[in-house]
Amino acid sequence: MRGIARYRCAGRDHTRIFKIIVIGDSNVGKTCLTFRFCGGTFPGKTEATIGVDFREKTVEIEGERIKVQVWDTAGQERFRKSMVEHYYRNVHAVVFVYDVTKMSSFTNLKTWIEECNGHAVSPLVPRVLVGNKCDLKDLIQVPSSLALKFADAHNMLLFETSAKDPQESQNVDAIFMCLVCRLKAQRLLPCRDTEGWPAQPQPHCRRLDEASGKGSCPC
Ligand SMILES: Nc1nc2c(ncn2[C@@H]2O[C@H](COP(=O)(O)OP(=O)(O)OP(=O)(O)O)[C@@H](O)[C@H]2O)c(=O)[nH]1
Ligand SMILES: [Mg+2]
């Protein structure tokens, strides 16, 4: 049987928790991507996220169990403004999402990056760029070359994928697993218990589902 690595904090053993926030315009598919990663399915119907929805998934990498706490944020200004400070507090990694069929969601990325930088997120916090809805091949407006240039300029990896297409599910997993691997490599990252995770459900905050998965580093 393989041993599970655990880290000791204040005399107690803890599974490390990594907080990953998912940011981008409304309707780009943030909820669907997080659903695909945490639940393994594409939700039949979604509504605009209000505040934040929490999802989590426990993964095992090189013998260490890690809890990935995914913050599915609201893209609509009116549904997010009271929550923005909470999004960025103690964040470990950021996923920026645009819709490959909607150029404005790509050009707006600079605003999302500015917001992130404006909340003093350390440059050491890894960030990735995700172009979603690649299944809509005939409707693509954002060329990969343009997205790649943008990602390079901002020191991010680019993933182009689809939350909807089941054949893309491994790519969706790779987005998050890649971040987890990078965070795991940052050995000084402290373990946290439930800091940043509301003890009680709050208005506009719902903790949805939990699934478990095992994986190896996709990077
Ligand atoms: N074709 C296609 N549609 C998708 C994909 N991902 C999401 N959608 C659709 O896009 C719409 C918006 O998806 P959501 O995940 O709710 O978008 P969101 O970014 O969470 O939006 P907000 O919560 O308002 O910020 C829904 O109708 C989804 O079914 C995808 O990969 N392909
Ligand atoms: Mg949403």
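A polar contact, as the term is used here, is a pair of N or O atoms within 3.5 Å. By that criterion, an oxygen atom of ligand 1 makes such a contact with K164, lying 3.2 Å from a polar backbone atom of this residue. The structure in which this pair is found is a predicted model, and the paragraphs below proceed from the overall fold to the ligand, the metal ion, the charged side chains and a few individual residues.

The protein has 219 residues, of which 48% count as buried. Its secondary structure comprises seven helices and nine strands. Among the contacts in the protein with a separation of 6 or more, 76% are accounted for by residues 24 or more positions apart. The accessible surface of the protein amounts to about 11,200 Å², and 51% of this belongs to carbon and sulfur atoms.

Ligand 1 is surrounded by 21 residues, the closest being S26, K30, T46, G75 and D135. In addition to the K164 backbone pair described at the outset, two further polar pairs may be inspected. An oxygen atom of ligand 1 is 2.9 Å from a polar backbone atom of N27, and a nitrogen atom of the ligand is 3.1 Å from an N or O atom in the side chain of N132. Of the 650 Å² of accessible area that ligand 1 has on its own, the protein covers 87%.

N27 merits a second look for its backbone geometry. The residue is not a glycine, yet N27 has a positive phi of about 80°. N27 is placed in the loop between strand 3 (16-24) and helix 1. Its relative accessibility is 61%, and N27 therefore counts as exposed; the cut-off for that class is over 50%, calculated with protein chains only. A further residue with a positive phi that is not a glycine is N90, at about 55°. N90 lies in the loop between helix 3 (84-88) and strand 6 (93-99). With a relative accessibility of 34%, N90 counts as partly exposed.

The magnesium ion (ligand 2) comes next. Its protein donors are the OG1 atoms of T31 and T49, lying 2.0 Å from the ion. T31 belongs to helix 1 (residues 30-39), whereas T49 belongs to the loop between helix 1 and strand 4 (52-61), so the pair ties together parts that are 18 residues apart in sequence. Both T31 and T49 are buried.

The charged side chains supply a further set of links. Eight salt bridges are found in a search of the whole structure, and several of them may be followed in turn. R55 takes part in two of those described here. It forms a salt bridge with D53, in which the closest N and O atoms are 4.0 Å apart, and the side chain of R55 also meets that of D72 in a salt bridge of 3.0 Å, N to O. The link between R55 and D72 joins distant parts of the chain, since R55 is in strand 4 and D72 is in strand 5 (residues 64-73), 17 residues apart. D53 and R55 are both buried. The relative accessibility of R55 is 2%, and the relative accessible area of D72 is 0%, so D72 is buried as well; the limit for this class is under 20%.

The salt bridge between E47 and K45 has a distance of 3.5 Å, N to O, but its setting is exposed. E47 has a relative accessible area of 65%, and K45 has one of 66%; both residues are therefore classed as exposed. Elsewhere, R16, E64 and K184 are linked in a network of salt bridges.

A final residue to examine is R80, which is located in helix 2 (residues 77-80). R80 has a relative accessible area of 1% and is therefore buried. Its surroundings can be traced through its contacts: leaving aside neighbours within four places in sequence, R80 is in contact with I23, T73, A74, G75, Y87, W112 and E115. One of these residues, G75, also appears among the closest residues to ligand 1.

Terms used. Residues numbered from 1 in each chain as written. Chains lettered and ligands numbered in written order. Predicted model: local features only at pLDDT ≥ 70, side-chain atom pairs only at ≥ 80, totals over all residues. Heavy atoms only, no water. Donors = N, O, S within 2.8 Å, 3.2 Å for Na, K, Ca; no water. Helix = DSSP H or I, 4+ residues; strand = E, 2+ residues; numbered from the N terminus. Buried < 20%, exposed > 50% of the residue type's maximum accessible area, 1.4 Å probe, protein only. Near = heavy atom within 4 Å. Polar contact = N/O pair within 3.5 Å; in protein donor to acceptor, adjacent residues only side chain to side chain. Areas by Shrake-Rupley, 256 points an atom, 1.4 Å probe, with all protein chains shown as cover. Contact = heavy atoms within 4.5 Å.
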